[in-house]
Amino acid sequence: MNEPIISVDNIHKSYLMGKDAVPALRGVSLDIQQGDFVCLMGPSGSGKTTLLNIIGGLDEPSRGHIVIGGENLVALSEDELARLRLHQMGFIFQNYNLLANFTAFENVEAPMVLARVGRKERKERSTALLEKVGLGDRGHHYPSELSGGQQQRVAIARALANDPPILIGDEMTGDLDSETGFAIMRLIQELNEDGMTIVFVTHDPRMATFAGKVVNLRDGKLLNELPADEISQMEMVAHDS
Amino acid sequence: MILNYVLKNFKRRKVRTILMVLSLMVSTGLIVAMSATVETVRRSNVDLLSSSIGRYDLSVTKKDTSADPFVDINRTAPALTGADPLIVDVFPRLVSDVDLSANGETATATMIARKPEETVGQIDVVSGTLSFENNGMALFESTAEAFGVDIGDEIDVAYSFPRPRVEGEATVVGISQRQVVGRFPVNAIIRQTGVVGLQVSDGLIMDFDQVQSWLGLTGRAGSLIGLVEPELYEAGNAEQAALTVREVVVNVQNTLGEDFNYSLDKAAILDQSSEAFLVLQALINTYGLMAFGVVGLLIHTLVMTNVQEQRREMAVLRILGSQRNLLFAMVMVEVAVIGLIGVAFGIVLGQILTQYAVIPFIEYQMSQAGLNVTIQPAVSLAVILPAVISAFAVLFVSALKPAQDASKTKVMYAINPGVADNIQLEDLEELRVQRPNLRFFVIGLVMMFTVTLVLGLDIVSTLGNPSLEATIFLLAILLMVLGLGLVFLIITRPLERLVLLITGLFSPRLTYFARRNVGRSNKRNALISLLVLFSGVLPSFLATQNAIDTANIETDVKLDMGAPIELIVFTRFSEPELASLDWLQPSFLQSDLGQVEGVERTVGLTHEYTAGISDAVDMRSGSVDLQGVVGDLNEVLFGEMIIFTAGDESALTRIQTEDQAIIISEGLANHLAVPLGGTIKLRGEGLDHLEEFTVIGIVRRLPGFDNFGRIRSQAQNGSTAFVSLDAFHRMSTNPKVALPDANDPVLDRVLATVSPGADVNDVDSALRGEYGFRNRIFTRVAEVRLQQAQDERLQTQLFLIVLTLISFTTAVFGVFAVIYVTIYSRRLEIGMMKAVGSRKWELTGMLIVESIAMTVSAALAGVVAGAVMGYTFAYINNVTSQRPMIFAVDTTVMPFVLIMVVIASIIGTVFSARRIVKYKAIEILRM
Ligand SMILES: Nc1ncnc2c1ncn2[C@@H]1O[C@H](COP(=O)(O)OP(=O)(O)OP(=O)(O)O)[C@@H](O)[C@H]1O
Ligand SMILES: [Mg+2]
């Protein structure tokens, strides 16, 4: 087997609430190979977002190591993390987070500007990316003029701007109706088929079926590391809902 | 519960709260300080103004036709005291011109004999002691310097007794008058303020009783001066005070009868000044309105942001069952608390400013002008109250809309904020409108049109109430500034692009982001632009005028004086026979002025004689002021400023000798329709006195001679024309009378040049030394005047910078607030940018470029608007006065404005962004 592109090694994360430390992750280890399509699932508060943020270099673990593309994130400075995010990751958020004053085209272009890509190349790539997410004719529209699904497509195109190997998404279909959600997931699936590594969080088991691998979190731990009785208990909860 | 909630909010949003309090505090403080200053100056005004004429209210002298020129003290003083209950004090005086001689110098000075107990004015002893022992005198410092005398030296004083004038006849000068000469020691050298008027520069003070016995005038005085109840002036209305004093004098006149002259210079000057004060007060009110307007906008924006941020919370409160009134009250109470704190601190600040900055500054300025006054600051309730009331009124108005918004919060915000928060359709529309806002432009045009109408039709002056007129006039100016600002708002867009183009050269990436945000967020953009723009217009307007003035000082001085040296004779009389006592003889040029070191060429000009003028056949006629020329004007005039419409400069040389030649103005030539070489007829003194002259030159402009000009309607009656001295004598003398002698005194003006290499300052003092003591000759040296004018300009410039600083103080707060709100409301975006991989300094940089682009473009627009206004005014001014004008660009205030704006933007941005940029992306996104 190859060297994993993302390697999470015994990560702990606690949040300080006043004087008390609230544990969000309690020793999570996980290897993700290049081209994997990983879905993080688990009940609310189980630590999915926390884990995803750490993988995305947005947050740092309290303890443990995370290595991405051979680089140990824990050792990186904030600016180096920013550079890593710029070139290695694409982000998709539940609420899209597009720049309101920028057109769809400019939103896609923005990360390239930050990465000092030349104007001509920016234009070509942004056009191609919008084409790819099916919005070739909507480039000059502002986010407020697009539907939720269209906005999320722009967000995807933007996430792909600097051709990152990894795509990270937190509840990216959470605000969309299921039909649109499926369309978005099919798009992501295509990207995965082109070789992109994808890690995403969802509550929706139907969306999880797109993933090649589902990782279950429970109380800050991976489910397969939990005692069996707790697992069955959790599954019952899942059936109820 | 409301108060509790409000206080919690303050804690949560410290920066915003502090900003609101500070801006209120500063503006209230400034306004209180300014009003207090005006009030203070108004109260000291009585002292200040009367210093220039002597600080007594009325003086009573005998008429010069009266048989006894002296006032009988025993009879008149009690009558004066009893004439009106408002008269509190009466003192006898003897004030007269005397001839002084010491150290071989002789000069005229003013002798003031007064009682030692007299309280009028203030005397500062420079050296010696102020006593009148041994018949001693107190000599003015300038006089002591002129004579080179010191304490203990003795001076001869020659007093001439006045002779009564025969009624209907002029005083005969030169005939022998009874003279008394005494020799008195100098006991003190002093400076005076308000004992006599400022125009008395040379003088001495003596003891009234001693002078009385020296001159043998027991029981008699030259004049009686009266003081009225000082509280009369405290009332605040100078005009009213002046009128009351006049009442008093009418009563005095009724008591004393017709044999006396009464003077109420103080009341008169106060009366005149009252209008100036009204203008000042109106100016401050207008400024205050503007400052509070800016603060109001600022508070409105910040409170609005607060409300928007609290939407969800308020919605929850609504779900829990709170009334709309409660939400409304919450916002109002919040603003009221801020108002209380800000205004309270503002009043304190205002007092401190008045006491420690403004008053000392005024005192310093006064002492520079030779007035020693101690000013008592007057910060009274009457000063503070208007500021407080207007502050709260503005606060109320600016909080009304946000409070209403708050009370209208829908519960939906709590249930589905996604829907409620979504950008509304109108916002979208605004985003799309990328061209400059035409509506503003039109509103601006309408405002300016109104102003032009109001000022142009002169409606204001029909109101008849000076304070109302001043207020309306200033409001019109304010409206003009606003209108101009709105009109020029349109150019902020292209200017923004320009600024971004420039920043793009330095940092293309940061500019990429700034460009989009600047160009497309309309609402705040307009607000910040207007704030900065308005603040820039007035200083830039004044600075442009100042720059133009400065650039034209030289032209102005040259056009005004005509030659490097000018001597003007001020005659005491209007009748020619008497005036000739003061006029100069043509021989004065060579034998007197020519002998002064540093003076080279000289040309004399006769007084003006008004003659009738017409074309050869009397079809068109008018009148002309003839001046005879003695000497070659080409040798002394500033040649580069001379413009001949027809003929050339040689005419100025020829006019001395060509007896039937005349040089006239272009306007007059047009009016009479005579060409160069044409013939005109002059009608001189006496009957049937007609003579024909040939026009040898037509002048458009001649430096030093205002009344050569091209405006026909003005030239018709009263333009200047040159003829030879002989022709002048002929025309101004009745043919039945013998012609005057060639060397008879006729000159009332002399122009001259400075010899090459001579020091102008030496020449200036030589001239003043030679002629300063001879009354009625006034000397000026162009280069010295130029120097003085330039020094004055520097002071104006300093004043302008202070003014700019003040008017930008509020704007800076505005910039701060808007940037703060902008950054705060865009935190999600900032979080996103961070997540995507932009770094701290990149984010800060983007925001800085953004705010610089917005503020600098607005400042530039304001500067341009002000400059355009300045140029227009200057141009109109110069066209009407027919002066050439050098256009100049201000180089101090405008750069100062730009630098201030850039600094304010950078600091404002760094300060507002510092927290948000430090946060991690996920922290921001979770907010
Ligand atoms: N900034 C924070 N401060 C304190 N505690 C936090 C913070 N963020 C998360 N937590 C806590 O960490 C735990 C994990 O949170 P996380 O957001 O990762 O859950 P999640 O699995 O994404 O839940 P959901 O499905 O609701 O989004 C929770 O108990 C939460 O209370
Ligand atoms: Mg989550």
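This talk describes a predicted model of two protein chains, A and B, beginning with the chains themselves and ending with the contact between them.

Good morning, colleagues. Let me start with chain A. Its secondary structure comes to 8 helices and 10 strands. Of its 241 residues, 54% count as buried. If we take the contacts in chain A with a separation of 6 or more, 72% of them are accounted for by residues 24 or more positions apart.

The sheet I would like you to look at in chain A is an open one of 6 strands. Reading across, the order is S6-S7-S8-S3-S9-S10, and the pairing is mixed. Strand S6, residues 89-92, and strand S10, residues 221-222, are the edge strands of that sheet, each pairing on one side only. Further in, strand S3, residues 37-41, runs parallel to strand S8, residues 197-201, and 4 bridges join the two in chain A. To place that pairing on your screen, find A:Leu40, whose bridge partner in S8(A) is A:Val201.

Next, helix H1 of chain A, residues 48-55. How many of its 8 residues are buried? The count is 7, and the helix is accordingly described as mostly covered. The buried residues are A:Lys48, A:Thr50, A:Leu51, A:Leu52, A:Asn53, A:Ile54 and A:Ile55. Note that A:Lys48 and A:Asn53 appear in that list alongside the leucines and isoleucines. After H1(A) comes A:Gly57, with a positive phi near 75°.

I now turn to chain B. Here the secondary structure comes to 31 helices and 23 strands. The chain has 927 residues, and buried residues make up 52% of them. Among its contacts between residues at least 6 apart in sequence, 82% join residues at least 24 apart.

Within chain B, I shall concentrate on strand S16, residues 621-630. Why do we call this strand largely enclosed by the rest of the structure? Because 9 of its 10 residues are buried. As a general point, strands of a sheet pair through backbone hydrogen bonds, in either a parallel or an antiparallel arrangement. S16(B) offers examples of each. With strand S14, residues 599-606, the pairing is antiparallel over 2 bridges, and B:Leu605 stands opposite B:Val629 of S16(B). With strand S15, residues 609-615, the sense is again antiparallel, and 6 bridges join the two strands. In that pairing B:Ala611 is found opposite B:Val624. S15(B) and S16(B) form a hairpin with 5 residues between them, and B:Asp618 in the turn has a positive phi of about 65°. With strand S21, residues 717-724, S16(B) pairs in the parallel sense over 7 bridges. There, B:Asp625 stands opposite B:Thr720 in S21(B).

A single residue of chain B also merits attention, namely B:Asn187, which lies in strand S8, residues 179-193. Is this residue buried or exposed? It counts as buried, because its relative accessibility is 13%, and the cut-off for burial is under 20%. As for polar partners, the side chain of B:Asn187 has a polar atom 3.1 Å from the backbone oxygen of B:Glu133. Beyond its neighbours within four places in sequence, B:Asn187 is in contact with several residues, among them B:Ser127, B:Thr129, B:Phe132, B:Glu133, B:Met137 and B:Ile151.

Finally, the interface. Chain A contributes 31 residues to the contact and chain B contributes 30. The area buried between the chains is about 3000 Å², and carbon and sulfur atoms give 58% of that area. On the chain A side, A:Asn101, A:Leu114 and A:Tyr142 lose the most area to chain B, together 22% of what that side buries.

Which polar interactions cross this interface? The rule finds 3 salt bridges between the chains. In one of these, B:Arg516 is paired with A:Glu106, with the closest N and O atoms 2.8 Å apart. There are also 7 residue pairs counted in polar contact between chain A and chain B. As for secondary structure, helix H2, residues 78-88, and helix H3, residues 104-114, are the elements of chain A that give two or more residues to the side touching chain B. The largest share, 6 residues, comes from H3(A). By residue class, this side of chain A divides into 14 nonpolar, 6 polar and 11 charged.

That concludes my presentation. Thank you for your attention.

How values were computed:
Residues are numbered from 1 along each chain as its sequence is written. Chains are lettered from A and ligands numbered from 1 in the order in which they are written. This is a predicted model: local features need pLDDT of at least 70, side-chain atom pairs count only at pLDDT 80 or more; totals for chains, interfaces and linings use all residues. Side-chain values use heavy atoms; hydrogens and water are left out. Contact means heavy atoms within 4.5 Å. Buried area is the accessible area (1.4 Å probe) that two parts lose on being put together, summed over both. A salt bridge is a side-chain nitrogen of Lys or Arg within 4 Å of a carboxyl oxygen of Asp or Glu. A polar contact is a pair of N or O atoms within 3.5 Å; within protein, one must be able to donate a hydrogen and the other to accept it, and residues adjacent in sequence count only if both atoms are side-chain atoms. Helices (H or I, at least four residues) and strands (E, at least two) are DSSP runs, numbered from the N terminus. Ala, Val, Leu, Ile, Met, Phe, Trp, Tyr, Cys and Pro count as nonpolar, Asp, Glu, Lys and Arg as charged, and the others, Gly among them, as polar. Buried means under 20% relative accessible area, exposed over 50%, partly exposed in between (1.4 Å probe, protein chains only). Two strands pair if DSSP finds at least two bridges between them.
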